[in-house]
Structures are given as structure tokens and as C-alpha cells.
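Visitor: I have this one open now. Can you walk me through it?
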Amino acid sequence: MSNEEVNNQDVNQQETASEVVQEVNHIEEHERPAMPDDDERRLLAIAALLSIVVSVIPSAVIFYTNKNLSKFGQEFLLRTLNFQILILIAVVVNIIPLVGQLLYLGVWVFNLVVCLQATSAVNNNKEFKYPFDLKLIA
């Protein structure tokens, strides 16, 4: 093999490697959630904060009425909705006297802390994963 043939092979390999890297980067960009704009971020923060008081209602209403949300917004609301359904189930189970009352207080404080963390994350354009994400709604 001559030097020219070896150089051509090296150039072809570099071009192929460059194309593979570009393809991988392109795939990763499409897999990452698109970040929301300021208005959408405020809406997501409001949904997370209102979830402290009215559970699944704000997340469900915003998710099902706003079809033009970014991928990030849709994923955030789905996670919020799934987590709030879990909290709602825990609240319903806690109807048992005494044990239920103590457990309810713990669940409510846990919900408060997690909702505040979710609000902070969405305001800082960070992805937030709820501690218990059962994927009840897909």
C-alpha cells in the first residue's frame, strides 16, 4: 500500500467518525427535553405550587388543556400528575383513625417539600424527578 492510499483511508475514517459523532449528537439533542420559555416555566411552577393545596387538579387541567407545551413541560406535568395521584391515594388510605392522622401529616409535609423542590427546579430550568414516579399516567 502506498502512502497516498494510507492517507486516503485515514481521511475516510476520520470523515466517517465525524459523521457518527454528528449523528449521535443529533440523536441526543432530540432525546433531551426542550426547555420551556419564561411563560411556560411560570405555568409549570404554578402547577407545582398549587399541587400542594389542590392535588392533581392544576397539573391535570394544564396538561390536558395546553397541547402546545414543550417536551420538558409535558414530561414535568406528567411526573407532577403521577406523583400527586400517589399522594391522593395515600391520603385516601389515611382515613383510618389515629394512624391515618399521623401518616396524613407526614404525607402532607413530604408533599409540601417535594412540590417546593419541583417549583425551584422548573424555575431554574432544571429537570426534576419526583422521588416516587409510578407512571400511573403515560
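Guide: A word on terms before the details: buried means under 20% relative accessible area, exposed means over 50%, and partly exposed is in between (1.4 Å probe, protein chains only). This is a predicted model, where local features need pLDDT of at least 70 and side-chain atom pairs count only at pLDDT 80 or more, while totals for chains, interfaces and linings use all residues. Residues are numbered from 1 along each chain as its sequence is written, and side-chain values use heavy atoms, with hydrogens and water left out.

Visitor: Fine. What is the secondary structure of the chain?
Guide: The chain has five helices and zero strands, so defined as DSSP runs, with helices being H or I of at least four residues and strands E of at least two, numbered from the N terminus. From that terminus on, the order is α-α-α-α-α.

Visitor: And how much of the chain is buried?
Guide: Buried residues account for 31% of the 138 residues. The chain exposes about 9,100 Å², and 62% of that comes from carbon and sulfur atoms; areas come from the Shrake-Rupley method with a 1.4 Å probe, and for residues only the protein chains shown count as cover.

Visitor: What share of the contacts join residues at least 24 apart?
Guide: The figure is 68%, counted among contacts between residues at least 6 apart in sequence. Contact means heavy atoms within 4.5 Å.

Visitor: Which residues of the largest nonpolar core have the most contacts inside it?
Guide: Leu 44, Phe 76, Leu 77, Ala 118, Val 122, Phe 128 and Tyr 130, in a core of 20 residues. Helices α2 (38–54), α3 (57–65), α4 and α5 (99–123) each supply at least two residues of this core, and α4 gives the largest share, six residues. A nonpolar core is a set of buried Ala, Val, Leu, Ile, Met, Phe, Trp, Tyr and Cys residues joined through side-chain atoms within 4.5 Å.

Visitor: What is Val 122 in contact with?
Guide: Leaving aside neighbours within four places in sequence, Val 122 is in contact with Arg 41, Leu 44, Ala 45, Phe 72 and Phe 76.

Visitor: Arg 41, then. Is that buried or exposed?
Guide: Arg 41 counts as buried, because its relative accessibility is 17%. Arg 41 is in helix α2, and with the same neighbours within four places set aside, its contacts are Pro 36, Val 122, Asn 123 and Asn 125.

Visitor: Back to α4. How does its span compare with what its 23 residues should give?
Guide: Helix α4 covers residues 71–93 and should span 33 Å at 1.5 Å a residue; its end C-alpha atoms are 33 Å apart, so the two agree. The expected span is 1.5 Å times one less than the number of residues.

Visitor: Which residues of α4 are buried?
Guide: Among them are Phe 72, Phe 76, Leu 77, Asn 82, Gln 84 and Ile 87. Gln 84 has a relative accessible area of 0%. Beyond its neighbours within four places in sequence, Gln 84 is in contact with Ser 51, Ser 55, Val 56, Asn 111 and Cys 115.

Visitor: What about Lys 71?
Guide: Lys 71 lies in α4 too, and is partly exposed at 34% relative accessibility. Lys 71 and Ala 34 are 37 residues apart in sequence, yet 5.5 Å apart in space, C-alpha to C-alpha.

Visitor: New topic: how many salt bridges?
Guide: A search of the whole structure finds five, taking a salt bridge as a side-chain nitrogen of Lys or Arg within 4 Å of a carboxyl oxygen of Asp or Glu. One of them joins Asp 39 and Arg 42 (2.9 Å, N to O); both lie in α2, three residues apart, about one turn of the helix.

Visitor: Any in α4?
Guide: Glu 75 and Arg 79 meet in a salt bridge at 3.6 Å, N to O. Being four residues apart in α4, they are separated by about one helical turn. Glu 75 is partly exposed at 23%, whereas Arg 79 is buried at 10%.

Visitor: And Lys 129?
Guide: Lys 129 pairs with Glu 127 (3.8 Å, N to O). Lys 129 is exposed, with a relative accessible area of 58%, and Glu 127 is partly exposed at 39%. Salt bridges that share partners join Glu 75, Arg 79, Glu 127 and Lys 129 into one network.
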